[in-house]
Structure formats: C-alpha cells, structure tokens
Amino acid sequence: MSNFEQEHNEICQYDYVRLALCDLNGMSRGQVIAGRYAAEYMDAGLDMCQDTLLLGPRTEVVPVFHEKNYNVGNMLIFPDPDTLRSIPWAPDGVKVAEVLCESRWKKDNSPQEACPRYAARQQLQRLGDLGFDLYSGHEIEFKLLDNNTMEPVFAGRDVYSNRVFNKHSKLLFHFDRHFQESKIDVERYYVEIGPGLFEAVTKPKYGIESPDMAFNLKEGLLEMADLEGFKITFMSQHSYDQMGLSTHFNFSLWNRCGESIFYDECSPDKLSTVAKQWIAGILKHSKALCAFANPTVNCYRNLGKSIYPSPIYWGIEDRYACIRAKNDGPSRTYLENRLPGGKSNLYLVVASTIAAGLDGVIKKMECPPPGKTEDVEYLPRSLAEALDELEKDEDLCNALGKELVTWFVKCKRDMEVAKYKLVETDEQRFAMETVAYF
C-alpha cells in the first residue's frame, strides 16, 4: 500500500477531521470536515479568508495589502499529513482527528510567508543546510481557574507542592491521558509559584515536531478545561498582585553524528565556540526578539519584575538572565531562552531564536562574559517600543522575511498598541487587556 493510500485509509476512520492553522497571535483557526469528505481536502487544500493570519486577539480584522491578494478573497490552507493525530477529548464518543496546516496564496500556490509554522520550518531548514538539528522543548505555564468564580483553583505561592498538585491531580491526569493518545508528550508537571499556576514541560523533540507539539498542548489545555468546567489562561499578567506567566524555550544543536554542538569538554565552562556565538547573536538581537517573545501589551507588565528578564545579559544557571546556559555534560548542555511570555506564539519564538542565533554563528560574533555589567542595556518596556526595535533590526528582518515582519508589526500595532493609546487610567487599560487576552 502506498503512503497516499495509507493516509486516505487512516483519514476515513474518523467521523470528523479538523484542519488547524496557527495565526500570528498563536490562535488555532480552521474548519471541521466530515470524515467521509476529508481526503479530498487533504489533497486540494481548504479555502479560508486570505486575512486569517492577521486576525486580532478577538478576531479584529486587519486588512492585508499584497500583490497576490484578492478583494477580501480566499487563500488555501494545506494539511501536513505527518501531523495527523486523534482528538480523544472530543465529546460523545465522536472520533475526531486534527491535522496542522500552512497557508498558501490562491493565485500561484506560493506560501504565505507570514504563516508562523512556515516561518519556523524555513529557519529549521537553514539549520539543516549547515548540518545542524535543533533539539528543543518548552516550559508551558498555565493558570487554572474555576469557571464560575473565575478565581484560581488554589491560593498562595506553594511552588513544587505535591499536596497542592495532588488536590488537582484528577483533572491534570485526565489531561495527560488524552495528551498521550494525541501524540502530545509531556515529560513533567508541577505547581508553579503563584495562585492556580501549573507548568507542563514538554519532552524535547527534533525539528518542527517540538513547536507543533507545544501548539497542540496549549490548544488541548484550553479545550479540555472548557469541557470539564474550568478555565485556563496563558495571559502573561492576569492579576496585579500575582506572578505572571512565561513560556521558556530550551534548545540545543546537534550534528548528524549525534554529537552536541553546544558542548566542549575542553572549554572551562564546557560551552563550545558555536554556543557562545549563538548566545552573542541572541543578545545582539534581543530588543527585536522581545516583540515576538512578548507580543501583547499585557506581557510588559512582567518584564523587570521578580525573576523576569530586563537587563540584556547571559549567565550559567542564572534565572535573572535573558539566556540561561545549562552545562551538565554532553547530553545535557543547552540554552534556555527566558524571554517568552505566556501569550507568545511558539512557532515565532522558534523562528526568531534560530534567526538571531544563526546570525551570531555565521558572523562569528564574540560573546561577552556572563553576568550583568555596568553598561548593560535593557529590553523594551512596551510592545510599541519592541515593534520599533524589530523594524530597526535589518539583519533579523531580512532573515525572517519582509512579509512576516510587516504583517506581524501591522497586526500588533494597528489592533493592539493603537487601542490603548487614548486610555486614561491603568485600571481601564488592565480591564481592556483582560478582555483581549484572558
């Protein structure tokens, strides 16, 4: 049996198949196809509005101007058959599958280069052309709330508390059983330092599988919480007096012989020259990277507080740094990008991290010593400032592509930054942020 026939036979086993596209805000958008008709959409793609990627956090419409667009016309989303997986939490015993998609222009079938998953794959391909493979995982913090009161399911800051975890383990284990059936591989769960706050740590994977899995995990948490009478949010700062949410990104590079590119046993700190060059690239572009890592106005309530980064530097096992290096031997040497907030689009975090790190490697940038210096610079303190920094960073913009950067900036500046300019009080502003991002 050919792969084509096998794919079609597998699709036909489901009652319904969801086609899912990640927009610029990290939201899953798509349509549900009756299983008996799904195979034809796997081959021919599915029509959706060409502006879908640009929709705002609450589906505000951002007009797109492009030489390949129609007048409020359609584009096509094409499924990646390798991402087919079941959705076991679908209610009433209905058999549902989902396939991740990327968007293309209808005029010439070329990719919409602002598609976040496409952008991540392009940067992974750049790594592959150099003989490198990215091995990465995500630390996904989420806040669990009672759906009736909208209050966190527990109070206090009992980080790592097994007793608190056990109290809510029936729900969390229910989540995980379904994740395992849906090819979502979570390695660890634990209680974080804040009311109702938990963390799920994904098992590291190579290439695009890692952000795919993290994207599916976040959507799965939202959907299952809805069905079980709870509410989950990834809003970076949900309350004035509580810890905010982050989504730290851990990664390392490996060659085709299975050897770590970041580890060097002869180096005093065990970090290779490539690792140091990569760090240098991240630090150089960190102000621009902040726009992708903290893509909402609400995210900037976290930066500079507690253990959230603000000064631009790196360190070994340093939780205050933008880049935290771990150097525990050849199989456990990796970098932790501590910039991303809870509402970051994980595909864009991966794409921008690779683009910045590769710039450091290709240009053989010199890495500063670890630790904060007297002349240290600081990350942007607002989304507006971060977007300005992104537009000024020509090297990063060229690496990621004009279309992605232009669309991302337009989406954020027109639909989010502009909305808050005339708001008079911070109380009003925070209330608006809660409506937009909660």
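Select residues 273–284 to start: this is helix α7, with 12 residues. From first C-alpha to last, α7 reaches 16 Å, close to the 16 Å expected at 1.5 Å a residue. Keep in mind that the model is predicted.

Now colour α7 by accessibility. Nine of its 12 residues are buried, and the helix is mostly covered. Pick out Val-274, Ala-275, Gln-277, Trp-278, Ile-279, Ala-280, Gly-281, Ile-282 and Leu-283: these are the buried residues of α7.

Next, select residues 286–293, helix α8. Seven of the eight residues of α8 are buried, so the rest of the structure largely encloses this helix. The buried set is Ser-286, Ala-288, Leu-289, Cys-290, Ala-291, Phe-292 and Ala-293. What do the buried residues of α8 pack against? Show α7, α9, α10 (383–392), α11 (394–400) and α12 (402–420); these are the partners.

Stay with α8 and add helix α9, residues 346–362. Two packed helices are described by the angle between their axes and the distance between the axes. For α8 and α9 the angle is about 165 degrees, and the axes lie 9 Å apart. An angle over 145 degrees counts as roughly antiparallel, which makes α8 roughly antiparallel to α9. Their crossing is right-handed. Show side chains at the contact: α8 supplies Leu-289, Phe-292 and Ala-293, while α9 supplies Leu-348, Val-349, Ser-352, Thr-353 and Ala-356. Of the α8 contributors, Leu-289, Phe-292 and Ala-293 are also on the buried list.

Hide α8, keep α9, and bring in helix α6, residues 209–227. At what angle do the axes of α6 and α9 cross? Roughly 155 degrees, with the axes coming within 9 Å. The two helices are therefore roughly antiparallel to each other. The crossing of α6 and α9 is right-handed. On the α6 side, select Pro-211, Asp-212, Ala-214, Phe-215 and Lys-218; on the α9 side, Leu-346, Tyr-347 and Val-350.

Leave the helices and go to the strands. Select β1 (residues 16–22) and β2 (residues 28–34). They run antiparallel, joined by seven bridges. For one bridge, centre on Leu-19 and find its partner in β2, Gln-31. Then step into the hairpin, with five residues between the strands. Gly-26 takes a positive phi there, near 85 degrees.

A second hairpin comes next: β8 (residues 186–191) and β9 (residues 197–202). This pair is antiparallel over five bridges. Which residue of β9 is the bridge partner of Val-191? Select Phe-198 to see it. Five residues sit between β8 and β9, and Gly-196 takes a positive phi near 65 degrees.

Two stops remain, both at non-glycine residues with positive phi. Go to Met-150, where phi is about 60 degrees although the residue is not a glycine. Met-150 sits in the loop between β7 (132–146) and α4 (162–167). Is Met-150 buried or partly exposed? Its relative accessibility is 28%, so Met-150 counts as partly exposed.

Finish at Glu-317, in the loop between β13 (314–316) and β14 (323–327). Glu-317 is not a glycine, yet has a positive phi of about 55 degrees. With a relative accessible area of 40%, Glu-317 is partly exposed.

Definitions and conventions
Residues numbered from 1 in each chain as written. Predicted model: local features only at pLDDT ≥ 70, side-chain atom pairs only at ≥ 80, totals over all residues. Heavy atoms only, no water. Pairing = 2+ DSSP bridges. Helix = DSSP H or I, 4+ residues; strand = E, 2+ residues; numbered from the N terminus. Expected span 1.5 Å × (residues − 1). Buried < 20%, exposed > 50% of the residue type's maximum accessible area, 1.4 Å probe, protein only. Axes fitted to C-alpha atoms, helices over the stretch in contact; angles between N-to-C directions. Parallel < 35°, antiparallel > 145°, perpendicular 65-115°, else oblique. Left-handed = near helix turned anticlockwise from the far one by under 90°. Contact = heavy atoms within 4.5 Å.
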